[in-house]
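Here are some friendly notes to read alongside the structure. Take the points one at a time, and find each residue in the viewer as you go.

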Amino acid sequence: MKRLLITGAAGNLGKICREGLKGYADVIRLSDISPMNPAGPNEEVVPCDLSDRAAVIELTKDVDGIIHLGGISIEAAFDDLLQANLAGTYNIYEAARQNGVGRIMFASSNHAIGFHERTTRLDDTSAQRPDSLYGVTKCYGEAMASYYYDKFDVETVSVRIGSCFEKPLDRRMLSTWMSPGDFVSLMKAIFTAPQTGHLVMYGVSDNTAKWWSNDHAEFLGWKPKDSSEQFRAEIEAAFAPEDRHEKATIYQGGGFAARGHFED
Ligand code: NAI
Ligand code: 15L
């Protein structure tokens, strides 16, 4: 890999990738609308607003692969999501097509399927069931990825990321947690695989309580190493048992599914 672009490089997962992928490509190009630390060895820092198509076309020149993390990462007003997540993702795909970028990792989310109940075990063929406007933008991103592969051969792995933090932050995350180390090893697997087409998978560690079966992880040759079980006692001591009749507990998306419309 000669040059790998990471969008959203100033964010939580962007920083994890910047650290964890050092040396993985000859050059790592880091981009965000928010401030980033200056470039280190083998790095380029290129600020860019993803909603600016001309700037995104410049940003993706001479790039071989893209880890597309940039955008709004929680529920938000539609007009804001429209710019950052909808226009931003279109601009990345169109720029990739024009500049011949071969493969993209699209940071989808469990909120694309968050209105499935926790008692349902999902796989990569399960229907989209967004739990928020934010989740809708992730469904759109997966559809964009599918279209750009079928028509233009731009490959994508759409990763429905669970909850990627240092450790689970509540009881729900005992099911959805993905360790930073597993996230980095997945990024490497995605750009090492000989062929991916457009593939949907779950970004989740090897948690005992997980809700998702992940055949496409095996297809990529990726095996998570961590499990949330190491945190179970700590989380169960800190958080009261969940009421299984509450919306936030019935649905996989938790609070995203339970909350009302963002703009009301
Ligand atoms: P984050 O909010 O920490 O980082 C997102 C970055 O995107 C920010 O640095 C922000 O400045 C940048 N950004 C926003 N609008 C932009 C624009 N118009 N142009 C350029 N950059 C823009 O989010 P985090 O946690 O790092 O997540 C990264 C991606 O992964 C997001 O797309 C998020 O939806 C997705 N994801 C993350 C999960 C997690 O557990 N961290 C779970 C599921 C999905
Ligand atoms: C997401 O999609 C968010 O980006 C992240 O901040 C968490 O809320 C995560 O989902 C989750 O469901 O835990």
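1. Let us begin with a term. A disulfide is a covalent bond between the sulfur atoms of two cysteines. For the search, a pair of cysteine sulfur atoms counts as a disulfide if they are within 2.5 Å. Please keep in mind that this is a predicted model.

2. How many disulfides does a search of the whole structure find? The result is 0. C17 shows the reasoning well: its closest cysteine sulfur belongs to C164 and is 8.4 Å away, which is too far for a bond. C17 is also buried, because its relative accessibility is 0% and buried means under 20%. C139 counts as buried too, at 8% relative accessible area.

3. Now look at the sheet. It is open, has 7 strands with parallel pairing, and follows the order β3-β2-β1-β4-β5-β6-β9. Strands β3 (43-45) and β9 (198-203) are at the edges with a single partner strand each, so one side of each has no neighbour in the sheet. On average, neighbouring strands are turned by 20 degrees against each other, direction ignored.

4. At the β3 edge, the partner is easy to trace. Strand β2 (residues 27-31) runs parallel to β3 and is joined to it by 3 bridges. Opposite I28 you will find E43 of β3.

5. Two helices are worth following across the strands. Helix α4 (residues 133-152) lies across β5 (103-109), β6 (155-161) and β9, at about 155 degrees to β5. Helix α6 (residues 180-192) lies across β1 (3-7), β4 (65-68), β5, β6 and β9, and its angle to β5 is about 145 degrees.

6. Next comes the ligand. Which residues come nearest to ligand 1? Of the 26 residues around it, they are L13, D32, S73, Y134 and C164. Backbone atoms take part as well: a backbone N or O atom of L13 is 2.7 Å from an oxygen atom of ligand 1, and a polar backbone atom of G71 is 3.1 Å from an oxygen atom of the ligand. For I33, a backbone N or O atom lies 3.4 Å from a nitrogen atom of ligand 1.

7. Finally, check two loop residues. N42 is not a glycine, yet has a positive phi of about 60 degrees; its place is in the loop between β2 and β3. D153, also not a glycine, has a positive phi near 70 degrees and sits in the loop between α4 and β6. Is N42 buried or exposed? N42 counts as exposed, at 55% relative accessibility, and D153 is exposed with a relative accessible area of 57%.

Definitions and conventions:
Residues are numbered from 1 along each chain as its sequence is written. Chains are lettered from A and ligands numbered from 1 in the order in which they are written. This is a predicted model: local features need pLDDT of at least 70, side-chain atom pairs count only at pLDDT 80 or more; totals for chains, interfaces and linings use all residues. Side-chain values use heavy atoms; hydrogens and water are left out. Two strands pair if DSSP finds at least two bridges between them. Helices (H or I, at least four residues) and strands (E, at least two) are DSSP runs, numbered from the N terminus. Axes are lines fitted to C-alpha atoms, for helices over the stretch in contact, and angles run from 0 to 180 degrees between N-to-C directions. Contact means heavy atoms within 4.5 Å. Buried means under 20% relative accessible area, exposed over 50%, partly exposed in between (1.4 Å probe, protein chains only). A residue is near a molecule or strand if one of its heavy atoms lies within 4 Å of it. A polar contact is a pair of N or O atoms within 3.5 Å; within protein, one must be able to donate a hydrogen and the other to accept it, and residues adjacent in sequence count only if both atoms are side-chain atoms.
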